[in-house]
Amino acid sequence: MEKMQQTQEDHLHQTLLDLKVKTSVLEVPQVEREKMTSRTMEMVNTYDDNIRNLTWGPVKTSDQGSLPAVDEIKEDPTEHDLVLQDFNAHLVNAGTNPGHPTFFGYVSGGGGTYPASLGAYIPATLATYSGVHGHGKITAIVEMENKLIKWVADLFGYPAGHAGNITSGGSLATLTALAVARDSRELKAADFHRCVIYCSELTHYALEKGLRAVGMREAILKTLPMDQSFKMTAAALEKKIKEDKEAGLLPFLVAATLGTTLTGSVDPVNDIADVCDRHQLWLHVDAAYGGFFALCDEIKQLFVGVERSDSIVVNPHKGLFVSYGVSVLVVRDGEKLRQCCSMEQTPSCFRGCQVFTAEHLNPSELSFELTRPFRGAQMWLPLKVFGVGVFREALKEKLLLARYFYGKLKGTGQFELPLEPELSVVLFRATAPPGVNINNFNQQLLDGLNSDGKIFMTPAVLSDEFYLRVCVLCFRTHIEHIDLCFSLIQEKRLYLWESLRCDA
């Protein structure tokens, strides 16, 4: 019996030794690691050089004519160089590149300065975890993120007692804010169908997704009429709230926007806050795109009243040019955020560990995430390396580039411009030849511009009217890129105009 037991132990011991040998490849030796890093940096440097030299446009088509199929995951390993070749084919040599200086579509800050990218790489390499206060490295990580959150809160004038978290994006930040608002108002599921959320037609759809995720699918989402500048108005909000109260509904939350995606318009937050105060509604501010323009003294007046909001979302992966996947939520009353996201009792896996204390709030108590990366490094590194001042100047440049572009378009007399840019979005459309539908003409103009691959834009459809839209936010975008964009638009507009006139 003892002999059999010894045989089994020997067999287990040998099996473990064999598995150690087989799995040791996961710990890459220094020499191989340097080779991998070298090959990777060659790819990254080629990408950067081509962007700086405008060798490629923002839309790059594979030199092979068509992309090879993405390889399947297999049981056996693949050489690192072959894997990088696959990455190079699909990520570098093809597709739309939001980091390009002539990428004017959507809202893109450029995909990350180099220190910001290192802020994603280093924590991943060091196996950092930022969920709880701990010892040494973990405590420092949490303190860094707390200082970043305080910096953001101070930027908008939030008082002491706030709390927040650094999350993956505006969608999760918005979802969390909605959950906090729901709980702080002590809403019950039986009343969700009577709860009313007020927004504008241009409010980001993350709000609707968030309502569904927090169990308020039955709530009533009402879009308010906008003024000529595509802003929510306090008068329309006041009127609608009174009507809804008289109808037996439960006005609950207002979502204002500092920089709508389509038009860049800024809602009058201070006036909206007055209405929310009178009727005891939660005021949430979506500043995902426009928030960090608060660094610019020239437009400080647009942010008056933000300090009165109950919650705010702002995206460093837009206005601070960090890598994608970094958003900041701040809640004015931090205790409400903690009550929503924390557990009533210490989880069993943490009992006996001094991590949940009254002295230190853990990020996992201020967020729905438990296992969370050190996202703050992507903000911390560039802010420390460059200083805040250069970001202020970069955002000022984007504001002025938008006004410069607007002025060039206006000076031609050949474009309709529905509003002057408040931030860095410019809406416009070319006038059409007689007898030609203006919407169709501008759709063709946009298609022609994007098909060349030299610039990339996205449209804005407002009240069934089709506009072209340029968003200037990439940190690499400068005046020469705006001049290129303008000249290409003029060239393509003239070509299209002449071709349609000939066909007529």
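This is a friendly conversation about how some labels are earned in a predicted model.

Trainee: Let's start with helix α1. Why is His11 called exposed?

Mentor: His11, which lies in helix α1, has a relative accessible area of 56%. Exposed means over 50%, so His11 with its 56% earns the word.

Trainee: And what makes Leu19 partly exposed?

Mentor: Leu19 is also found in helix α1. Partly exposed covers the range between under 20% and over 50%, and Leu19 at 42% falls there. Leu19 also belongs to a nonpolar surface patch with Leu12 and Leu16, with about 280 Å² of accessible area together. A patch residue needs over 30% relative accessible area, and the 42% of Leu19 meets that.

Trainee: Now the sheet, please. How do you know which strands are at the edges?

Mentor: The open sheet has four strands in the order β10-β11-β13-β12, with antiparallel pairing. Strands β10 and β12 (458–462) each pair on one side only, which makes them the edge strands.

Trainee: What makes β10 and β11 a pair?

Mentor: Two strands pair if there are at least two bridges between them. Strand β10 (residues 415–416) and β11 have two bridges, so they qualify, in the antiparallel sense. Within that pairing, Glu416 has Arg429 of β11 as its bridge partner. Between β11 and strand β13 (residues 465–471) there are four bridges, and Val426 stands opposite Val470 in β13. Strands β12 and β13 share five bridges, with Val461 opposite Phe466 in β13.

Trainee: Which helices lie against these strands?

Mentor: Helix α14 (residues 438–452) packs on the sheet and touches β10, β11, β12 and β13, its direction making about 30 degrees with that of β13. Helix α13 (residues 388–412) lies across β10, β11 and β13, at about 15 degrees to β11.

Trainee: Why is β11 described as mostly covered?

Mentor: Six of the six residues in β11 (residues 425–430) are buried. Val425, Leu427 and Arg429 point one way, while Val426, Phe428 and Ala430 point the other way, and all are buried.

Trainee: On to charges. How do you know that Arg372 and Glu145 form a salt bridge?

Mentor: The rule asks for a side-chain nitrogen of Lys or Arg within 4 Å of a carboxyl oxygen of Asp or Glu. The N to O distance between Arg372 and Glu145 is 3.0 Å, so the pair passes. The two are 227 residues apart, with Glu145 in helix α5 (residues 137–155) and Arg372 in the loop between α11 (334–341) and α12 (377–386).

Trainee: Are those partners buried or exposed?

Mentor: Buried means under 20%. Arg372 has a relative accessible area of 2%, so Arg372 is buried, and Glu145, also with 2%, is buried too.

Trainee: What makes Arg308 a partner in a salt bridge with Asp274?

Mentor: Their closest N and O atoms are 2.8 Å apart, and the limit is 4 Å. Arg308 lies in the loop between β7 (282–286) and β8 (311–314) and Asp274 in helix α9 (residues 269–279), so the bridge ties together parts 34 residues apart in sequence. Arg308 also meets Asp277 at 2.7 Å, N to O.

Trainee: Why are these three called partly exposed?

Mentor: Arg308 has 25%, Asp274 has 29% and Asp277 has 43%. Those values sit between the buried limit of 20% and the exposed limit of 50%, so each residue is called partly exposed.

Technical notes:
Residues numbered from 1 in each chain as written. Predicted model: local features only at pLDDT ≥ 70, side-chain atom pairs only at ≥ 80, totals over all residues. Heavy atoms only, no water. Patch = residues over 30% accessible without salt bridge, like charges linked within 9 Å, V, L, I, M, F, W, Y side chains within 5 Å. Areas by Shrake-Rupley, 256 points an atom, 1.4 Å probe, with all protein chains shown as cover. Buried < 20%, exposed > 50% of the residue type's maximum accessible area, 1.4 Å probe, protein only. Contact = heavy atoms within 4.5 Å. Axes fitted to C-alpha atoms, helices over the stretch in contact; angles between N-to-C directions.
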